[in-house]
Amino acid sequence: MSNKHPVSSEQAETLIETLYDQASQEEPGDDLDKLIMQQAHAAVSDNSKSSAANTSATTTTKRILKWQRFGSIAATFVMVFTIGLLYQHNQSKLRPESPMVIQESSQPAELQKTRSEAPAGDLILEVQELSEEEPAFYADEVSGVATESALPMRKEVAPAPAPVKRKAKPAMNGAAAQAVSPAEESAVKQTTELEAAETSITQDSFAEEKVLIERKSARKKEAAKPAQLGNTQPRSLAPAAAPMLMQESISDFSADSDYSTPEEWISAIEDALANNDKEKAQQLWSGYRESFPDHQPSEALLRVFADDL
Amino acid sequence: MTLSDFEGLSDELLMKRYGEGNTAAFDLLYQRHKAPLFRFTLRQVPNQSIAEELYQDIWSKVIANRQDYHVSAKFTTWLYTIARNRVIDYFRVIGKVPEATIIEDDVAVGDGEVQHLVCEHRPELIVESEQAAAQLKKLVKDLPHQQREAFLLKYESGFNHRDIAEITGQKEETIKSQVRYALNKLKLGLFGGQHE
């Protein structure tokens, strides 16, 4: 008897399958598992990066195009602005310079000298008048297109000094007007009146002197006529001419007299009265009164000529 | 999404998800098929290092072709087709192109003859024997290439004859015969051919 055990075909197949399942337990190592899974993940990650890179590239391209568009617009704007600036610069060169500068430069040296010597007020007035025309011109330059050539021109214009009140200006500011005292005001008034009287006297004297000279020359001509005609009889003066002659003698006396002071006048009058020359005294008194109407004579003279007063 | 979210999905959907960029789907797919595929490779090549190299290459091809995968094809069929081609490439490289199995030259073991196989030990003890396991592995490796391939696809990876025919590009009947001859050789190797 042997130990052999008969095995059917089906039993053998089942035994092989079972044995194979038990014997076949090999698996890849953990390192190999990790390596393969990392490879799988990396492939997906690379794919994502690639697509992301593509997306990023697309986005970058879009941005570049956008900036290019913006850049072209900005360049166009800058170009137009520059052209405008150059145009305005050229215009400002062609435009006549500031009126003030023209006047300064085109005037002869004498006039400029006169201007420099003239009272400050006059010059200021001129500057102010010119300055009224300036704003439009300056505003044009200040609007951002002022050129370097225009700016120094403006520097040539001296800054307007503080306005000086003109002498003849009647109106005064309130504070200044209040500061003038009544005494000063009356003094000024008297001075003004005296000046006006002096002016009128001088003018009257000049006119009277002129008339007297003319009349003297006329009289000389008339006196020469009888001699020439052989008429020896003295010419009798017409009665109508007497007042004129008397007045003429007074004026003549008065005009020829060298009495510059009231005392001299009075002295001459007293001399005439002492010589009983009432007529001369009367003439001198009239001249004295006319010359010095405000002078107060002595009581004696006032009594003598009380009728005239 | 985590692995648990993909537990109920088929291999085909997982591969599709992975093709769409979901790495978790690949992780689950890999866990499902790593051991059988590794052993399928290991049983056909001389040593484990070569098996690991080929195994990595197989998965690399899966990864590289993830976006070319179509759900109409069965994933395992696609996977083992890749694996089979890689093994064949290996043999071609080393100059040992697997020859087509000539069934007539195989061991002429008919179905009826198996009944006469005897075992020196009780069959249930064979299963517990490590020596028997090692002998079986050696017998499998010594099988002709096509019989070994058919045997492994059937008993290692669980394919039916039709799937194996699809993977190997052969007729289903041919696969059946190769599997049968492979089993007979293993029986002879394990239990001997002695009759009672």
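**Exercise 1.** In this predicted model, work out the handedness of the crossing between helix 2 of chain B and helix 4 of chain B.

*Solution.* Start with the geometry: the axes of helix 2 (residues 23-42) and helix 4 (residues 75-94) of chain B come within 11 Å and cross at roughly 35°. The crossing turns out right-handed. Next, see who does the touching. Helix 2 of chain B brings residues including B:L29, B:H33 and B:F40, while helix 4 of chain B offers, among them, B:F75, B:Y80 and B:R84. Finally, sort the contact by class: nine nonpolar residues, three polar and one charged.

**Exercise 2.** Classify the ring pair B:F151 and B:Y155 as stacked, tilted or edge-to-face.

*Solution.* First, locate the two: both sit in helix 8 (residues 145-156) of chain B, four residues apart, or about one turn of the helix. Their ring centres are 4.8 Å apart, and a pair needs centres within 6.5 Å. The planes meet at 35°, so call this pair tilted. Now check burial, where the cut-off is under 20% relative accessible area. B:F151 has 0%, so it's buried; B:Y155 has 11%, so that one is buried too.

**Exercise 3.** Check whether the length of helix 11 (residues 278-291) of chain A agrees with 1.5 Å a residue.

*Solution.* Take the 14 residues of helix 11 of chain A; the expected span is 20 Å. Then compare the end C-alpha atoms: they're 20 Å apart, so the two agree. As a last step, pick out buried residues in this helix of chain A; A:L284, A:W285 and A:Y288 are among them.

Conventions: Residues numbered from 1 in each chain as written. Chains lettered and ligands numbered in written order. Predicted model: local features only at pLDDT ≥ 70, side-chain atom pairs only at ≥ 80, totals over all residues. Heavy atoms only, no water. Expected span 1.5 Å × (residues − 1). Buried < 20%, exposed > 50% of the residue type's maximum accessible area, 1.4 Å probe, protein only. Axes fitted to C-alpha atoms, helices over the stretch in contact; angles between N-to-C directions. Left-handed = near helix turned anticlockwise from the far one by under 90°. Contact = heavy atoms within 4.5 Å. Nonpolar A, V, L, I, M, F, W, Y, C, P; charged D, E, K, R; others polar. Phe/Tyr/Trp six-rings, centres within 6.5 Å; stacked < 30°, edge-to-face > 60°.
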